[in-house]
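Me: I would like a close look at a single part of this protein, set in the context of the whole. Please take me through one helix and its surroundings.

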Amino acid sequence: MTGVGALQTEAAVLEVRGLKKHFPVRTGLLRRVRGWIAAVDGVDLVIERAGTAHGLAGESGSGKTTFIRTLLGLTPPTAGEVRFWGRDVRGLRGADLQAFRRRVQIVFQDPTGALDPRWTVGRAVAEPLRVHRPDLPEAERRARVAELLEQVGLLPEHARRYPHELSGGQRQRVVIARALALEPKFLVLDEPTSALDVSVQAQILNLLQDLRERLGLTYLLISHDLAVIDFLCERTSVMYRGRIVEEGPVARVLARPAHPYTKALIASLPRMEAGRLPEPQLKAGGTAPAGGCPLAPRCPAAQAVCTREDPPFIDLGGGHRARCHFAGEV
Ligand SMILES: Nc1ncnc2c1ncn2[C@@H]1O[C@H](COP(=O)(O)OP(=O)(O)O)[C@@H](O)[C@H]1O
Ligand SMILES: [Mg+2]
């Protein structure tokens, strides 16, 4: 098939190439720029197929939130390209930009901060409809709100409640209902269960799984917890200091992690059967050597080459690759 239409449908859902976001570090009374923080430092990430879920793992401060803010155009990139369904998001204007804003929605970690305490649940869920579909008659808007509440496991009566009358899990359901109001195709989930009790986390993860299947949604799921990514995702990327250090099918990455950083993330997962705390796998702190691997000062497996040369990605087959000099030796 040829032609622009065919190209659009065959394009990856999301394609990120060489994305960078550097923040200036300012100090002193004159707020001079003393250096730069490479919060996102050359990220490639591709989600090929619609209806799949891709994880992005990494500890706090690794650049996950900055990555998604840059991805969604909420902050301009320092460099790189972002394509959703084959189209560069920076080129979008007018009606195309409006359509993009409807198709891609984000759910943040903290449902309490995401909801205005003075607004009823019904008003919060109806807000995107008011903004994007002002022509919709009041009765239809109400019916749509009731339908959305039902979709996330709430009752029509919840529309009259205020956020403080709900549990944390119910609040996150409201946030998800609001994100679904405009029938998006793609959801970015930034630590969607991290603020919730463990028992509630599982319910929200089940809801997200169910919605993905019923609505054919594609997810980019950000989490510091690989167990959450394992539950929902087919593939995952692992981020350390603004760079992807490993990626592949989730089952493979978990069973045979090839990067010392991924191994440490897995070791940090609470394990029921172990009955003991995991052994620390990474050393604390340390300054990354110029030109070398950023993990070298913390890495238990570091050799002389690691402080001299920044490792390239090593292809491990089956869509699995890792950025470590010794990735091929596991
Ligand atoms: N607006 C900003 N200005 C300066 N530095 C920032 C800004 N936002 C984030 N950072 C820095 O970028 C790095 C990555 O942060 P973030 O993206 O929030 O990581 P994560 O979501 O993985 O915890 C951190 O060192 C953080 O301090
Ligand atoms: Mg974050």
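Reply: A residue is called buried here if 20 or more other C-beta atoms lie within 10 Å of its own. In this predicted model, 36% of the 330 residues of the protein count as buried. The secondary structure comes to 12 helices and 12 strands, and the radius of gyration of 21 Å agrees with the value near 20 Å that a compact globule of 330 residues would have.

Against that background, helix 2, which spans residues 64–71, has 6 of its 8 residues buried, so the rest of the structure largely encloses this helix. The buried residues of helix 2 are Lys64, Thr66, Phe67, Ile68, Thr70 and Leu71. After helix 2 comes Gly73, with a positive phi near 75 degrees.

The surroundings of helix 2 include an open sheet of 8 strands, which has mixed pairing and runs in the order 6-7-8-3-9-10-12-11. Strand 6 (104–107) and strand 11 (314–315) stand at its edges with a single partner strand each, and therefore one side of each has no neighbour in the sheet. Strand 6 pairs with strand 7 (residues 186–190) in the parallel sense, over 4 bridges, and Val107 stands opposite Leu189 in strand 7. Helix 2 packs on this sheet, where it touches strand 3 (53–57), strand 6, strand 7, strand 8 (218–223) and strand 9 (235–240), and the direction of helix 2 makes about 155 degrees with that of strand 7.

For the protein as a whole, among contacts with a separation of 6 or more, 62% are between residues 24 or more positions apart.

Conventions:
Residues numbered from 1 in each chain as written. Chains lettered and ligands numbered in written order. Predicted model: local features only at pLDDT ≥ 70, side-chain atom pairs only at ≥ 80, totals over all residues. Buried ≥ 20, exposed ≤ 12 C-beta atoms within 10 Å, placed from the backbone. Helix = DSSP H or I, 4+ residues; strand = E, 2+ residues; numbered from the N terminus. Rg over C-alpha atoms; globule rule 2.2 N^0.38 Å. Contact = placed C-beta atoms within 7 Å. Pairing = 2+ DSSP bridges. Axes fitted to C-alpha atoms, helices over the stretch in contact; angles between N-to-C directions.
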